[in-house]
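Here is a short report on one protein chain. Please look over the sequence and the model first.

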Amino acid sequence: MTLADPRAFVGAEPFYARYRPWYPDGLFAELAGRFGLDGTQHALDLGCGPGTVALPLAPLVAEVIAVDPAPGMLEQGRLLAADRNVDNVRWQHGDSSALLGMDLPPLDLCVMAKAFHWMDRDQVLADLDKLTAPRAGVVVVSAGPPGTTPLPAWAPVVADIRAAYLGTARRAGRGYYPEPQEQFRDTLARSAFSQVTMVSWDQLVVRSVEELVGLQFSNSYSTPVQLGRRQAAYERDLRQALLDHDRSGRYEETIRTEALIATRP
């Protein structure tokens with residue numbers, strides 16, 4: 001599966017926009033300082049979802065081109081942009097395999113957040129080499145990469161209920177999650193953007209039962225479409241299992257956001 005397949009998140013779009021945590025302010029301060037963002041640049045948010053990068057980045061640049069193959073994600077992004085009075089994001093339906101045909105302006109920055117693993121990564125980086133200014137950067141952002149922080153205490157509860165309804169394999173659309181076979185840092189290091197540094201931030205997120213259940217519907221492997229007619233039963237069983245685990249209804253998680261910042265040597 002590649003970014004060309006928009007089906008992985010069908011039905012998840014409103015849950016993604018509502019329940020996924022936003023990235024920390026430190027990420028955007030880092031990008032502003034490192035790339036001298038002063039309101040004159042053009043940035044690409046590739047695989048933008050509902051704009052969790054594009055919207056906070058917009059005040060720092062002249063324009064963000066926010067590209068996603070899922071019309072539902074773009075619609076959620078437009079709604080959030082209107083709510084936040086952000087008018088310099090161009091919401092563009094498209095796919096990572098067609099970058100060279102998008103008539104993009106010379107890019108000063110490309111950010112890919114929780115989307116890089118869906119792509120033909122080598123081809124995307126080769127295309128970005130042709131589309132970016134000499135001092136431009138490519139940034140791969142991942143919130144909660146596997147193994148970077150301990151799993152929260154409630155995670156096995158969620159996993160058990162999900163497995164009971166959907167099995168243990170990670171589904172995505174009509175197929176399964178494409179587990180990358182190479183570390184993203186290594187992929188970047190052998191591209192034109194071979195100078196790679198990593199910056200990270202930790203943030204504590206506290207959710208209610210409602211928020212934690214809603215979060216599960218934002219994942220490609222447990223969308224409402226995946227669950228179908230079993231969604232109501234899944235939600236009921238998950239809610240009860242979480243309350244049996246912790247009656248307080250307060251569920252903490254420390255999320256580590258890592259940014260791989262890649263530039264030309």
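## A parallel pair in the sheet

How many bridges join strand β1 to strand β4, and do these strands run parallel or antiparallel? The model, which is predicted, gives 3 bridges between β1 (residues 42-46) and β4 (residues 107-113). The two strands run parallel. Within this pairing, Leu-44 stands opposite Cys-110 of β4.

In general, the strands of a sheet pair through backbone hydrogen bonds, in parallel or antiparallel fashion.

## The whole sheet

β1 and β4 belong to an open sheet of 7 strands. Its order reads β3-β2-β1-β4-β5-β9-β8, and the pairing is mixed. Two strands form the edges: β3 (89-93) and β8 (195-207). Each of them pairs on one side only. From one strand to the next, the twist averages 20°.

A helix covers part of this sheet. Helix α8 (residues 209-216) lies across β8 and β9 (251-263). Its direction makes an angle of about 135° with β8.

## Nonpolar cores

Which residues have the most contacts inside the largest nonpolar core? They are Leu-31, Leu-57, Val-89, Trp-91, Leu-109 and Val-139. The core has 36 residues. Helix α2 (residues 25-35) gives the most to it, with 5 residues. Another core lies apart from this one. That second core has 25 residues, including Leu-128, Val-138, Val-140 and Leu-188.

Val-139 deserves a look of its own. Leaving aside residues up to four places away in sequence, Val-139 touches Leu-31 and Phe-35. It also touches Leu-109, Cys-110, Val-111 and Met-112. Ala-259, Leu-260 and Ile-261 complete the list of its contacts. Cys-110 is thus a shared point in this account: Val-139 touches it, and Leu-44 stands opposite it.

## The chain overall

The secondary structure comes to 10 helices and 9 strands. The radius of gyration is 18 Å, close to the 18 Å that the globule rule gives for 265 residues, so the chain is as compact as a globular protein of that length. Along the principal axes, the C-alpha atoms fill a box of roughly 55 × 40 × 35 Å.

Of the 265 residues, 53% count as buried. The accessible surface comes to about 12,200 Å². Carbon and sulfur atoms account for 49% of that surface. Contacts reach far along the sequence: among those between residues at least 6 apart, 80% join residues at least 24 apart.

Key. Residues are numbered from 1 along each chain as its sequence is written. This is a predicted model: local features need pLDDT of at least 70, side-chain atom pairs count only at pLDDT 80 or more; totals for chains, interfaces and linings use all residues. Side-chain values use heavy atoms; hydrogens and water are left out. Two strands pair if DSSP finds at least two bridges between them. Helices (H or I, at least four residues) and strands (E, at least two) are DSSP runs, numbered from the N terminus. Axes are lines fitted to C-alpha atoms, for helices over the stretch in contact, and angles run from 0 to 180 degrees between N-to-C directions. Contact means heavy atoms within 4.5 Å. The radius of gyration is taken over C-alpha atoms; the globule rule is 2.2 Å times the number of residues to the power 0.38. Buried means under 20% relative accessible area, exposed over 50%, partly exposed in between (1.4 Å probe, protein chains only). Accessible areas come from the Shrake-Rupley method with a 1.4 Å probe; for residues, only the protein chains shown count as cover. A nonpolar core is a set of buried Ala, Val, Leu, Ile, Met, Phe, Trp, Tyr and Cys residues joined through side-chain atoms within 4.5 Å.
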